[in-house]
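Open your viewer and keep the selection panel at hand. We will go from stop to stop, with something to select at each one.

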Amino acid sequence: MIFVLHFLLNHEDLFRILPEVILTLTGVLVMLLDATLPPGLTRRPLGWVAAFGTTLALWGSLFQLSLPAGTGFSGTIETSAFTVFFHVLICGIVLVALLLSLDTLPEKSHHQGEFYALIVFGAVGMCLLTGAVELLLVFIALEISSIATYVLAGYRKHTACGPEAAIKYFLLGSFATAFLLYGIAMIFGATGTTQIYEIARLVPIAQNHAFILVGLGLMLVGILFKVSAVPFHVWTPDVYEGSPTPVVALLSTAPKAAAFALLLRVIYEMLPTLRSVWQPLLWVVAVLSMTVGNLAALRQQNVKRMLAYSAIAHAGYLLAAFAGLGSSGIAAASFYIAAYAAMNVGIFAVVTLVSGYDEKLPLINDYRGLIYRSPLLGSLLIFFLVSLIGIPFTGGFFGKFYAFAAAVGGGAIWLAIIGLLNSGLAAAYYLRLALATAQRPDLDGVTKSTPQQGSPRVGAAVIAALAMAVLVTLVLGIVPNDVLQAAESGAHTLRVPPAEISIPVNVVEPQQP
Amino acid sequence: MDVINNSILTLILLAPLAGAVLVALVPDRWKLPNWIALATTLTTFGLTLHLPAHFDKTQPGFQFVIDIPWIKSPAINYHVGVDGLSMWLVVLVGLLAPVGVVASWNAIHERRKLFFALFLIQQTAMLGVFLSLDLMVYYGFWELSLVPMAILIAMYGRKDGPKAALKFFLFTFIPSAPLLVAILWLYTQTGSFDFTTLQILIAHGNFPAGALYWAALAFLFAFAVKVPVFPLHGWLAGTFSEAPVALAMVVAGKLGLYSMLRFHIGLFPEQARAIAPVLVGLAVVGILYGACLALVQRDFWRLMAFAALSHLSLITLGIYGLTLTGWEGAVYQILSHGVVDGALFLLLGVLYDRYATSQISAYGGLAAKLPLTATFFVVATLAMIGLPMLNGFIGEFLILVSTFTSVSKGWAIAATLGAILSAAYMLWLVQRIFYGPESALVTSKPPEDLRLGQLAVLWPLAALMLVMGVAPMLWLPTIATGMHPPPAQFQVMRVLPQGEVQR
């Protein structure tokens, strides 16, 4: 036994999956405790266990920074500044989602222990996905995270739309994963390997170029489904509407972050030589996502559906960063994901508190006068909406700023113009909610008593979750240097071939003596 | 003293913000938020007065400059500074803030903490716009200034706040998208967001010519909506009739006009010259159109909105005449318009609070019951319509003279017509509200004239109107130092007050 432990502790490979190991142990521990605790007892402490484990995993991934960048387990998993960036992000999101669930899940809800365990297991998959450099491991990681989220989406099974959401998500998600797997098979067929660096080396000299193109296309379908980009977005509003709001806070951010990390890896690291193929494709998807997402969101009355369409639009802004050259695009995309995650988790946290677990107040009109009923929640809601609009001194602004700056730097001026006009369009519906929140309740014939639910229980856990979201959103908006640097050093660890040097107009030609 | 000079602008920016945090922390009792807001705004005003006291008139260029790296990549610096152009505008923002607090003293009785916190953030944003010399920092404050405004309009709107707030926000937010793209494009071309660096690079660099025109147009478009210039004024009337008085008095005009002078003409002189005739034409149309619409309004907030359109168009005319005299007149007119509008809005707010209607026809014969209100209103009105010896005259005169001598006689005559119309609608407004037979509404309420706090604000404002009217030389030389050595291609002419023309 001692020998085994000794062997394990000295084994460098194990440190390369340290956060995943911690998360898995936490999940198993929660499951075991859940099974051993007597039935009548409250399961809330299990949430604290899960939160503690996630915090440990977060420190674990920070510890990985001290490892030399490289791969483990015979070149299947990588640790680098890039993976640590996403690990920390995902663990942070999961932590906030756990804290949020702790205070908002009803005391008597069924299978609470499993709920926490599933969130943690989902996190294992997502973390693994960002580190995997072997396509089969990518597939396994994606499945681990997906299955956990499918179950979580249908957690409110006594409602009509809960199971609907879960089944829709599951069926469409499985199709998308099948596409991804088929794409992997195609690429394996063309190159004879599933190791990403090997593929990158072999693609330029491969004989079956058509196979690789088809493989790229199929893989993009699978990944773009996960990030809910148009035209693979149809599941998003229904799933967001049917899932419990704390789960949506998780669903709309963490799996997306992981999927974007995968997308960055696939196109920048695995197939950089096919830039002329994927660049126009992603350009079109980006424009479609922003435009369709924003136009559809304008018409929504349900807050969660509106935020779902806004998530689609944000996937579009994010894809705009992929027009950037070399590592600037990667850094911009990574930064945007962090900013987006912070504000989106925050806004879903507020929505959870306002409309309650049973969602008695789902419509925008129900939010009228919120700021008069509850100044704190009203102000927070407006704050996160302002960040989503992209007003300076919030994370949302710098996210958009870097994404579009990368696009302009890559020569895609039209993409930036379309994107920024879209963000003007988006302001319309964000503001509709923000202004309804700020409206005086007695105004405009809204004298009918708004359903007075008991004021939401704002416990210590929720306060901590909200404080984290607000703090990160503000830090990213006011002092983004450190996060930006982390994103940039992450971008540099991806093995991207150097970008073509673009010559600024004003560079004076050196005079020959 | 150097320590203060080196950090005064940061202090000016942080003071309202600190006040906002403080307001958010104290309990909403005993009018604590009001007192804190008043103390904060007075402190800020005091700090802004430090600038003219220590401003070196003999030295052109920016003073009190702070330039610290903020974000490394892309290189954004916290670069602030004032020159003759912006210094008095900063003081004006400082001056109007306590006026706004007094105007909201009794008008705001719900959620006072939120109101004053947002009001103070709005102050920081506006001060930031005038102080920033880095385009990204400038853009940040420019956008930030929209948010508290929109929320407060929605929260305290009189009839349909959210609708007016949405209109206001979208009208000003969407044009800033091209502005941001233009700023980013300039950065990709030059590698700098810094105003002074960009000014030099644009003057000497070789850019794709067409692109620079588009960039200049993007800048101008964003500013023109904010002013607003004639066909882009759709948001103005709704905002004026819904916004709380304290915000209505600052929402229009100075941010956009200053930005035109600094960032449109300042950065793109050649492109500005090419488009100036269009703006001169639009400005004259705006003067007459606004005045005509003001004549037929039944609601005094809407009347003030169209009056503002008319007066702000006159300032635009002064700016795009592209003469030094016109610019001096324009800046002077921005200052005096701010002072006069502050007083007028405060007084109309007092009437609205007491009688709860903005229908002009509901009033009548107030002068006998509220003599002080009537007196101050008449003084401010006379200042607004440009009576000599009061402040509105100087700027208007300088602008019209410069237009007449160096732009076009026809436009100048048309613009002068606007000044006559302005007298017509303002005096008619005074007559309908304060004179004539006493209306039923006025009879129904016990007379209660201005309170001490309001008088404490109105007396200095009235005195300022007089001083600015008789002693413009206290301000004009400083303003003149802010007009940078103008590029040669402007053919700058300077019209002296005696009417001589000096090359």
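## Starting with chain B

In chain B, residues 24 or more positions apart account for 79% of the contacts with a separation of 6 or more. Keep in mind along the way that this is a predicted model.

Select the whole of chain B and colour it by secondary structure. You should find 23 helices and four strands. The C-alpha atoms of this chain fill a box of roughly 70 × 55 × 45 Å along the principal axes. A compact globule of 503 residues would have a radius of gyration near 23 Å, and the 22 Å of chain B agrees with that. Buried residues make up 59% of the 503 residues in chain B.

## The hairpin of chain B

Next, select residues 63–71 and 76–82 of chain B, which are strands E1 and E2. In which sense do E1(B) and E2(B) pair? The pairing is antiparallel, over six bridges. The two strands E1(B) and E2(B) form a hairpin, with four residues between them. To see one of the bridges, show Pro69(B) together with its partner in E2(B), Asn77(B).

Stay in strand E1 of chain B and pick Phe64(B). Phe64(B) is not a glycine, yet its phi is positive, about 55 degrees. Is Phe64(B) buried or exposed? Phe64(B) counts as buried, because it has 22 C-beta neighbours inside 10 Å and the cut-off for a buried residue is 20 or more.

## A helix of 32 residues

Now select residues 324–355 of chain B to bring up helix H16. From its first C-alpha to its last, H16(B) reaches 46 Å, close to the 46 Å expected at 1.5 Å a residue. Switch the rest of the structure on and off around the helix: 28 of the 32 residues of H16(B) are buried, so this helix is largely enclosed by its surroundings in the structure. Step on to Ala356(B), which follows H16(B) and has a positive phi, near 55 degrees.

## Two cis peptide bonds

Where does the peptide bond from Val227(B) to Pro228(B) lie? Pro228(B) is in the loop between helix H10 (209–226) and helix H11 (236–242) of chain B. This bond is cis, with omega near -5 degrees.

Then move over to chain A and select Val230(A) and Pro231(A). The peptide bond between them is cis, with omega near 5 degrees. Pro231(A) sits in the loop between helix H10 (209–226) and helix H11 (235–242) of chain A.

## Chain A as a whole

Select chain A in full. Its secondary structure comprises 22 helices and two strands, and its C-alpha atoms fill a box of roughly 80 × 65 × 45 Å along the principal axes. The radius of gyration of chain A is 23 Å, in agreement with the value near 24 Å for a compact globule of 513 residues. Among contacts in chain A between residues at least 6 apart in sequence, 80% join residues at least 24 apart.

## Into the core

Which residues touch the most other members of the largest nonpolar core? They are Ile90(A), Ile119(A) and Tyr336(A), in a core of 399 residues. Helix H16 of chain A, residues 326–355, gives this core its largest share, 21 residues. Centre the view on Ile90(A) and show what it touches beyond four places in sequence, including Ala123(A), Met126(A), Cys127(A) and Ala254(A).

## A loop residue and a helix residue

Select Phe393(A), in the loop between H18 and H19 of chain A. Its phi is positive, near 70 degrees, in a residue other than glycine. Phe393(A) is buried, with 21 other C-beta atoms within 10 Å.

Then try Gln485(A), which belongs to helix H22 of chain A. With 14 C-beta neighbours inside 10 Å, Gln485(A) counts as partly exposed. Add Phe335(A) to the selection: the two residues are 150 apart in sequence, but 9.5 Å apart in space, C-alpha to C-alpha.

## Where the chains meet

For the last stop, show both chains. In contact here are 36 residues of chain A and 38 residues of chain B. On the side of chain A, the elements that give two or more residues are helices H17, H18, H19, H20 and H22. H20(A) provides the largest share of that side, 14 residues. Colour this side of chain A by residue class, and you will have 26 nonpolar, seven polar and three charged residues.

Methods:
Residues are numbered from 1 along each chain as its sequence is written. Chains are lettered from A and ligands numbered from 1 in the order in which they are written. This is a predicted model: local features need pLDDT of at least 70, side-chain atom pairs count only at pLDDT 80 or more; totals for chains, interfaces and linings use all residues. Two residues are in contact if their C-beta atoms, placed from the backbone, lie within 7 Å. Ala, Val, Leu, Ile, Met, Phe, Trp, Tyr, Cys and Pro count as nonpolar, Asp, Glu, Lys and Arg as charged, and the others, Gly among them, as polar. The expected span of a helix is 1.5 Å times one less than its number of residues. A residue is buried if 20 or more other C-beta atoms lie within 10 Å of its own, exposed if 12 or fewer, and partly exposed in between; C-beta atoms are placed from the backbone. The radius of gyration is taken over C-alpha atoms; the globule rule is 2.2 Å times the number of residues to the power 0.38. A nonpolar core is a set of buried Ala, Val, Leu, Ile, Met, Phe, Trp, Tyr and Cys residues joined through C-beta atoms within 7 Å. Two strands pair if DSSP finds at least two bridges between them.
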